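Let's walk through this structure together, one region at a time. Keep the sequence and the 3D view open as you read.

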Amino acid sequence: MSRDSGFLSRLFSTLLGGSAKQDVTQKGQELLASYQRELSDGNGDPESQLTRVLDQLRAYWELESLRWAAGTSSSGIPVRFSGEELGSITWHPEDSKLEESRRSLLVILAGLAAPYLAKVAESQADPLQRWQSERADMVTGLLNRPAFMGLLLNELAKPSGSAGLTSVLVTVHIQDYTKLYTDLGGNGYDERIRDFSRLLRADFGLHSTAGRLEEDMFAVLICDLSNPDKAASMSAAFRNKVEATLELDVTAGIAPRVDLYSDPQIWLNDARTAVKQAEERGGQQAFFSQTMQMHSVARWQMETDLENALEAGQIETWFQPIVHLPGGEIAGYEALCRWTHPEKGGIRPDEFIPVAENDGSLILEIGQLTLREACETLARISERNGTAPFMSVNLSPVQLKDSQLPKKILAVVELAGVNPEHLKLEITETAVMHEREKAIQALERIRETGAQLSMDDFGTGYSSLAYLREFPISTLKIDRAFVSGSDLDEEAKEILRTIVEMAHSLDLKIVAEGVETEGERDLLAELGCEYGQGWLFAKPMPAEEV
Ligand code: C2E
Ligand code: CA
Ligand code: CA
């Protein structure tokens with residue numbers, strides 16, 4: 001309305017101002033102007049303001065009454081907006097004829113009040129409906145973007161992880177939306193999107209709320225989940241259903257709530273990054289991980305560097321001993337890759353492995369290199385000592401998806417002349433939890449080569465011990481987070497004890513990672529952990545030093 005103020009002031013001065021010289025008092029002008037100012041500023045309630053102005057004018061004009069009456073009426077000056085009569089300004093005695101000048105002032109007042117009163121009328125008609133219409137996407141009835149952001153903000157205001165429950169944001173992107181739109185036409189498209197929205201609303205459970213963020217981007221907030229992995233399986237089931245029944249291809253990005261989030265926009269960005277990542281990889285859904293945030297240019301630079309590094313032989317494999325806990329003798333090794341950059345020096349695998357994984361073919365090459373060097377070293381130690389230690393090698397989730405992996409393992413093992421049973425391939429929970437059935441099949445095929453499997457970083461992912469029995473693994477590696485300081489803390493001790501007991505009940509051997517102190521070692525031995533790995537025993541070392 002503020003754009004009107006210039007126009008109205010001009011109107012006032014023409015109609016009521018000096019040259020008109022009609023019997024409209026300065027007072028009337030002033031009242032009208034201040035009423036208009038208040039309305040433009042959005043202050044107060046337009047209806048009571050109007051009543052107040054009328055009261056003041058009445059007193060000034062010495063009328064018995066001058067008032068605003070809502071609804072249709074036959075007398076007075078009608079207040080109309082968009083052709084609809086909202087009410088009228090009436091006076092008493094009714095038959096008293098208002099002077100033309102006063103009348104025109106009231107007509108202006110009526111015109112001025114109309115849009116504001118229309119708003120009030122709308123809001124009073126059905127507040128619930130109005131509230132909903134402000135928050136809903138018009139086509140689907142799902143929450144619109146501002147409303148959904150408000151929902152996320154509320155969620156973040158709650159304390160996180162209360163009662164062990166968490167919330168997960170899933171964004172869902174409809175692929176090829178433009179093609180769909182042209183194929184189906186506007187109405188057909190809307191119809192399809194409504195069907196899609198119904199599923200979106202229904203399929204993520206009672207504790208979920210769905211929203212539409214953009215034409216082709218939707219989101220679901222799932223609350224009170226005991227395990228974020230559930231969001232992944234719900235989302236996978238939803239995608240399948242949508243594909244089968246609506247012939248829509250969708251990609252999902254999954255971002256579990258983390259303490260770091262204070263701004264809902266960041267949470268949303270993370271979920272969207274996961275969607276993008278999944279699409280770049282040709283996949284259908286992905287979890288958000290911190291490494292995704294890496295700027296794509298920096299990532300690209302590192303990818304190029306990595307390619308060169310592989311060619312230049314800057315990437316090599318180091319080995320860290322794994323000791324038998326009761327006696328302290330070396331039982332095996334873990335192969336860990338190292339990159340020595342000519343300018344930047346040593347680059348940690350935590351930095352470059354995710355980049356290599358993002359590329360896909362790079363991680364396959366690195367994995368193959370590590371596997372080969374690990375087997376060569378295994379062969380050499382076995383020959384020297386007369387007995388063979390076990391050799392642990394990390395497997396990336398990307399390698400796990402490679403159907404050629406079992407063949408590659410057999411080829412490397414044969415070339416080095418080692419027994420595949422001495423190989424322990426380390427997988428992580430996150431690699432196998434998302435598409436469990438598929439992962440289990442892949443693991444079974446690896447087992448057929450004779451190599452053993454080990455679950456790495458146990459406790460840091462989202463899985464539970466209950467799932468472990470489904471996987472053909474023989475060893476569990478307890479993450480450093482559970483080991484460090486465990487001898488000094490009763491609760492940590494109890495957690496360790498529980499993990500050890502349950503792992504043993506599943507016939508798994510245990511490797512405790514990151515053992516740095518004698519206290520930790522003694523506790524682990526006392527609890528019955530078979531193996532330990534950590535700086536207390538030895539740091540990773542180049543192959544020549546093993
Ligand atoms: P990881 O598999 O959990 O490897 C154990 C990490 O803990 C290694 O870090 C090791 O150096 C470190 N570590 C060992 N003992 C101690 C200790 O007592 N205290 C502390 N603070 N740390 C200890 P590293 O070598 O930096 O490797 C980091 C991660 O990179 C590995 O974690 C693994 O996930 C990945 N990685 C390393 N090599 C490969 C590889 O060849 N292929 C794949 N796919 N991933 C690899
Ligand atoms: Ca490992
Ligand atoms: Ca580990």
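Leu66 sits opposite Trp91, a residue of strand 3. That pair is a good way into this predicted model, because the two strands around it, strand 1 and strand 3, are joined in the antiparallel sense over 6 bridges. Strand 3 covers residues 84-92. Step back a little and you will find an open sheet of 3 strands, ordered 1-3-2 and paired antiparallel. Strand 1 (65-70) and strand 2 (77-81) are the edge strands; each has a single partner, so one side of each is left without a neighbour in the sheet. On average, neighbouring strands here are turned by 20° against each other, direction ignored. Now look for helix 3, residues 46-61, which lies across strand 1 and strand 3 and runs at about 160° to strand 1.

Next, let's visit another sheet. This one is open too, with 5 strands in the order 5-6-4-7-8 and mixed pairing. As a reminder, strands of a sheet pair through backbone hydrogen bonds, either parallel or antiparallel. Which strands stand at the edges? They are strand 5 (208-214) and strand 8 (285-287), and since each has a single partner strand, one side of each is left without a neighbour in the sheet. The average turn between neighbouring strands of this sheet is 20°, direction ignored. Strand 8 pairs with strand 7 (residues 250-256) in the parallel sense, over 3 bridges, and there Ile254 has Phe287 of strand 8 as its bridge partner.

Helices pack on this sheet as well. Helix 6 (residues 145-157) touches strand 4 (166-174), strand 5 and strand 6 (217-225), and its direction makes about 135° with that of strand 5. Helix 8 (residues 229-246) touches strand 4, strand 6, strand 7 and strand 8, with its direction at about 170° to that of strand 7.

Finally, turn to ligand 1. There are 21 residues around ligand 1, and Gln320, Arg338, Asp456, Glu516 and Trp535 come nearest. Polar side-chain atoms reach oxygen atoms of the ligand: one from Arg338 lies 2.8 Å away, one from Asp456 lies 3.0 Å away, and one from Asn394 lies 3.1 Å away. Taken alone, ligand 1 exposes 790 Å², of which the protein buries 85%. Strand 10 (330-341), helix 11 (349-359) and strand 14 (452-458) are the elements that give two or more residues to the shell, and strand 10 gives the most, with 4 residues. By character, the shell divides into 7 nonpolar, 6 polar and 8 charged residues.

Notes:
Residues numbered from 1 in each chain as written. Chains lettered and ligands numbered in written order. Predicted model: local features only at pLDDT ≥ 70, side-chain atom pairs only at ≥ 80, totals over all residues. Heavy atoms only, no water. Axes fitted to C-alpha atoms, helices over the stretch in contact; angles between N-to-C directions. Contact = heavy atoms within 4.5 Å. Near = heavy atom within 4 Å. Polar contact = N/O pair within 3.5 Å; in protein donor to acceptor, adjacent residues only side chain to side chain. Areas by Shrake-Rupley, 256 points an atom, 1.4 Å probe, with all protein chains shown as cover. Nonpolar A, V, L, I, M, F, W, Y, C, P; charged D, E, K, R; others polar.
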